[in-house]
Each structure stands twice: as C-alpha cells, then as structure tokens.
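These are my notebook entries on one protein chain. I set down what I looked up, step by step.

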Amino acid sequence: MIWMVDEVETKPGQGQAFLAAYREHYVPGATARGLRLIKEMVEPAMWLDEASNRLLLIWETDSAGAVWAAKHRARGDEAVIRWWTEQAPEFLISRRRYTMAPADALEALDNV
C-alpha cells in the first residue's frame with residue numbers, strides 16, 4: 001500500500017470552501033487515475049472563519065507502479081494543471097504533497 005497525502009493550509013475562512021472545490025474539481029479526476037481518497041482530516045476540528053484550517057487529504061493505491069501511473073497521467077491533464085495553478089490558490093496559503101509507504105515495505109519497493 002502506498003499513500004499520497006495532500007497537506008494544505010487554507011486562507012482564513014476558506015477551509016470548507018476549499019474542501020468542496022477539491023471534491024468537485026480534483027477528486028473525480030484523481031479517482032479516474034486510480035487513486036482512492038480514504039481520509040479527509042481537518043485541524044482544528046471545526047471550520048474557522050477568521051483563521052486558517054489545515055487539511056490532510058489522504059489517498060491510497062495498491063502499488064508504487066500505480067502511483068507513478070497516476071502521476072504521469074496527471075502531468076498531462078489540463079484539468080489538474082488548472083486546478084492546482086488557477087483554482088486552488090484562491091483558497092490556499094500553502095500546499096505540500098507526500099508519498100509514503102509502510103517502513104517494512106521499503107525494501108520490496110526499492111527493488112524495481
């Protein structure tokens with residue numbers, strides 16, 4: 001199992017609007033690329049009107065190959081580029097993406 005984590009900090013008052021837009025504009029395409037959105041976590045555990053929320057949006061795939069296939073398909077997808085360069089920035093202060101695997105699986109994943 002491989003997880004991809006989108007960590008975002010939203011502009012004050014934009015957390016809930018960002019998540020709705022993410023679900024509408026990003027999730028369907030990512031799902032079509034073979035990713036499964038398994039968790040949507042918000043810190044603090046309430047939408048803030050005058051401060052930032054931090055969101056962790058966790059995707060999973062079954063293999064490293066599936067991660068690379070999804071990333072390759074996303075790079076050529078104008079909808080993905082438009083989402084992250086034009087639409088998402090209106091809601092965000094920062095964004096980071098992590099790709100993670102279980103520690104005990106790294107030896108097998110490194111043998112490609």
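Entry 1, charges. Before I looked up the charges, I noted the convention: Lys and Arg count as positive, Asp and Glu count as negative, and His and the chain ends are left out. The place of a charge is taken as NZ of Lys, CZ of Arg, CG of Asp or CD of Glu. On this basis I found 13 positive and 17 negative charges in the protein chain, and their mean positions are 4 Å apart. I also recorded that this is a predicted model.

Entry 2, the whole chain. I looked up the extent of the C-alpha trace, which spans about 50 × 30 × 20 Å along its principal axes. The protein chain has 112 residues, and buried residues make up 30% of them. For the surface, I noted an exposed area of about 6,800 Å², of which carbon and sulfur atoms supply 53%. I then turned to contacts between residues at least 6 apart in sequence: 76% of these join residues at least 24 apart.

Entry 3, helices and strands. I found five helices and four strands in the protein chain. Read from the N terminus, the order of the elements is β-α-α-β-β-α-α-β-α.

Entry 4, the sheet. In what order do the four strands lie in the open sheet? I wrote down E2-E3-E1-E4, with antiparallel pairing. Strand E2 (36–43) and strand E4 (92–100) are the edge strands, as each of them pairs on one side only. On average, and with direction ignored, neighbouring strands of this sheet are turned by 15 degrees against each other. I examined one pair further: E2 and strand E3 (residues 54–61) are joined in the antiparallel sense over seven bridges. Within the sheet, I saw that Lys39 stands opposite Ile58 in E3.

Entry 5, a helix on the sheet. I looked up helix H1 (residues 15–25) and found that it lies across strand E1 (2–10), E2, E3 and E4. Helix H1 runs at about 20 degrees to E3.

Entry 6, one residue. I chose Thr10, which lies in strand E1. Is Thr10 buried or exposed? Its relative accessible area is 0%, so Thr10 is buried; the cut-off for this term is under 20%. Which residues is Thr10 in contact with, leaving aside its neighbours within four places in sequence? I listed Gly15, Phe18, Ser52, Asn53, Leu55, Phe91, Leu92 and Ile93. Of the elements in my earlier entries, helix H1 covers residues 15–25, strand E3 covers residues 54–61 and strand E4 covers 92–100.

Key: Residues are numbered from 1 along each chain as its sequence is written. This is a predicted model: local features need pLDDT of at least 70, side-chain atom pairs count only at pLDDT 80 or more; totals for chains, interfaces and linings use all residues. Side-chain values use heavy atoms; hydrogens and water are left out. Helices (H or I, at least four residues) and strands (E, at least two) are DSSP runs, numbered from the N terminus. Buried means under 20% relative accessible area, exposed over 50%, partly exposed in between (1.4 Å probe, protein chains only). Contact means heavy atoms within 4.5 Å. Accessible areas come from the Shrake-Rupley method with a 1.4 Å probe; for residues, only the protein chains shown count as cover. Two strands pair if DSSP finds at least two bridges between them. Axes are lines fitted to C-alpha atoms, for helices over the stretch in contact, and angles run from 0 to 180 degrees between N-to-C directions.
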